[in-house]
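Take the sequence and the three-dimensional view together, and follow the paragraphs below from one region to the next.

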Amino acid sequence: MRTIGVMAGALILMGAAPAVPDYGPNLERFPYPWPVQTITVDVVGEPATMAFMDVAPARPNGRTVVLMHGKNFCGAPWESTARALSASGYRVIVPDQIGFCKSAKPRAAQYSFAMLAHHTHRLLASRGVTKATVVGHSMGGMLATRYAIMFPEAVERLVLVNPLGLVDRSEDGVPYVDLDTLWAAEKKTSYASIKAYQLANYYHGSWQPAYDRWVGMQAGMYAGSARDSVALAQAKTSEMIRTQPIAHELHRVTAPTTVMVGTLDKTAFGRAQAPASLRQFLKAIPQVAADAVRRMPKGRLLALEGLGHSPQVENPARFEKALLATID
């Protein structure tokens, strides 16, 4: 769920929102940088397609990197990162998870990180990948952690970029919000609300024109007649994030793990659902990352000074240099 309360002042600064194309509920009309392939998985007895890109390097080094997107992102925003990795010899696989972007959004799905990890493992097996470095951003960091716990033999290294779930919001006193309420809020999503949320939480009040493409990508899924199905998938995955934190299982991550954190990240998932009296006390990712890393057997914290929630979008060159230094 996106908070509406932070938006009024931001919208004044940003001006009128542009017309949003109808990209389709599965981004059928939004171009990705490489050919999109699919595999079919079963979700509650029904076939569902999972989309992905498989980027081959010109000079392979024999290693594979899997890039896992966040909740408000997709595979396409990893483009610059994937190009840098490919140029350095890595094969790069970029999935769109079930429920997101170019993948199916089955109405009957009961989302869990374990389910998403299971389907990702099937995808990699179908591509002949038995071991990979796994990089997860935001919600994708939670998924990458679950994947590393479920399939430790398949993870060479783990990189978590501003991951959610490092604290249990129930312990912070944030109440549960039912799915219908979350769904009703998601139905109100617009280009303006997405941009305002990201400006306040991801980019610490500083907007660049390059970010607009990704706002338009996300808003374009809501633009057509299937917006309710997109909103329902988003509501269900919000509930998944809220109710399935990774905070209590960090000690189970055996792979060498680097947690990359933009020090200006304002994201504190659950803030919108919290009572007003509690919101000011909810710590954002940079304030909780160090304690989380201490609970990882092979964890290290890498601070990205002056960057926010999405460093791979905000400053691709700096992020890519840090990532390559981490995994080489």
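Once its neighbours within four places in sequence are set aside, Arg-83 is in contact with Pro-33 and Trp-34. In this predicted model, Arg-83 belongs to helix 2, which covers residues 79–87, and because its relative accessible area is 42%, Arg-83 counts as partly exposed. A reader who wishes to place Arg-83 against a distant part of the chain can look at Gly-205, which is 122 residues away along the chain and whose C-alpha atom is separated from that of Arg-83 by 28 Å.

From this partly exposed residue one can turn to the interior. The largest nonpolar core has 105 residues, and those that touch the most other members are Leu-27, Leu-67, Leu-85, Tyr-147 and Leu-158. Apart from this core lies another, of five residues, which include Val-174, Ala-268, Ala-274 and Leu-282. As a general background, nonpolar side chains in soluble globular proteins tend to be buried together.

Leu-27 deserves a separate look. Leu-27 sits in the loop that runs between helix 1 (7–14) and strand 1 (37–43), and with a relative accessibility of 0% it counts as buried. Beyond its neighbours within four places in sequence, Leu-27 is in contact with Tyr-32, Cys-74, Cys-101, Lys-102, Met-217 and Met-221. The backbone of Leu-27 also calls for attention, since its phi is near 50°, a positive value in a residue other than glycine. Most residues other than glycine have a negative phi.

Asn-162 can be read alongside Leu-27, for the phi of Asn-162 is near 45°, again a positive value in a residue other than glycine. Asn-162 is found in the loop between strand 6 (155–161) and helix 5, and its relative accessible area of 0% means that it is buried. The loop between strand 6 and helix 5 also holds Gly-165, which is buried as well, because its relative accessible area is 13% and the cut-off for burial is under 20%. When neighbours within four places in sequence are left aside, the contacts of Gly-165 are with Met-142, Pro-245, Ile-246 and Ala-247. Gly-165 and Ala-268 stand 103 residues apart in sequence, while their C-alpha atoms are 9.4 Å apart in space.

Met-142 leads on to a pair of helices, since it is one of the residues through which helix 4 meets helix 3. How are helix 3 and helix 4 set against each other? They pack at an angle of about 70°, with their axes 9 Å apart, and because angles of 65 to 115 degrees count as roughly perpendicular, the two helices are described in that way. On the side of helix 3, the contact is made by Phe-113, Ala-114, Leu-116, Ala-117, His-118, Thr-120, His-121 and Leu-124, and on the side of helix 4 by Met-139, Met-142, Leu-143, Arg-146, Tyr-147 and Met-150. His-119 also lies in helix 3, and its relative accessible area of 4% makes it buried. Leaving out its neighbours within four places in sequence, His-119 is in contact with Ile-39, Val-41, Asp-42, Val-43, Met-50 and Ile-98.

Helix 3 and helix 4 appear again in the surroundings of helix 8, whose buried residues pack against helix 3 (113–126), helix 4 (139–150), helix 5 (179–186) and helix 7 (212–221). Helix 8 has 17 residues and reaches 24 Å from its first C-alpha to its last, close to the 24 Å expected at 1.5 Å a residue. Twelve of these 17 residues are buried, so helix 8 is largely enclosed by the rest of the structure. Among the buried residues of helix 8 are Val-230, Leu-232, Gln-234, Lys-236, Ser-238 and Arg-242. Ser-238, placed in helix 8 (residues 227–243), counts as buried at 1% relative accessibility, and its side chain makes a polar contact with the side chain of Lys-71 at 3.2 Å.

The last stop is helix 12, which takes in residues 316–327. Its twelve residues should span 16 Å at 1.5 Å a residue, and its end C-alpha atoms are 16 Å apart, which agrees. Within helix 12, the buried residues are Phe-319, Glu-320, Ala-322, Leu-323, Leu-324, Thr-326 and Ile-327.

Notes. Residues are numbered from 1 along each chain as its sequence is written. This is a predicted model: local features need pLDDT of at least 70, side-chain atom pairs count only at pLDDT 80 or more; totals for chains, interfaces and linings use all residues. Side-chain values use heavy atoms; hydrogens and water are left out. Helices (H or I, at least four residues) and strands (E, at least two) are DSSP runs, numbered from the N terminus. Buried means under 20% relative accessible area, exposed over 50%, partly exposed in between (1.4 Å probe, protein chains only). A polar contact is a pair of N or O atoms within 3.5 Å; within protein, one must be able to donate a hydrogen and the other to accept it, and residues adjacent in sequence count only if both atoms are side-chain atoms. The expected span of a helix is 1.5 Å times one less than its number of residues. Contact means heavy atoms within 4.5 Å. A nonpolar core is a set of buried Ala, Val, Leu, Ile, Met, Phe, Trp, Tyr and Cys residues joined through side-chain atoms within 4.5 Å. Axes are lines fitted to C-alpha atoms, for helices over the stretch in contact, and angles run from 0 to 180 degrees between N-to-C directions. Angles under 35 degrees count as roughly parallel, over 145 as roughly antiparallel, 65 to 115 as roughly perpendicular and the rest as oblique.
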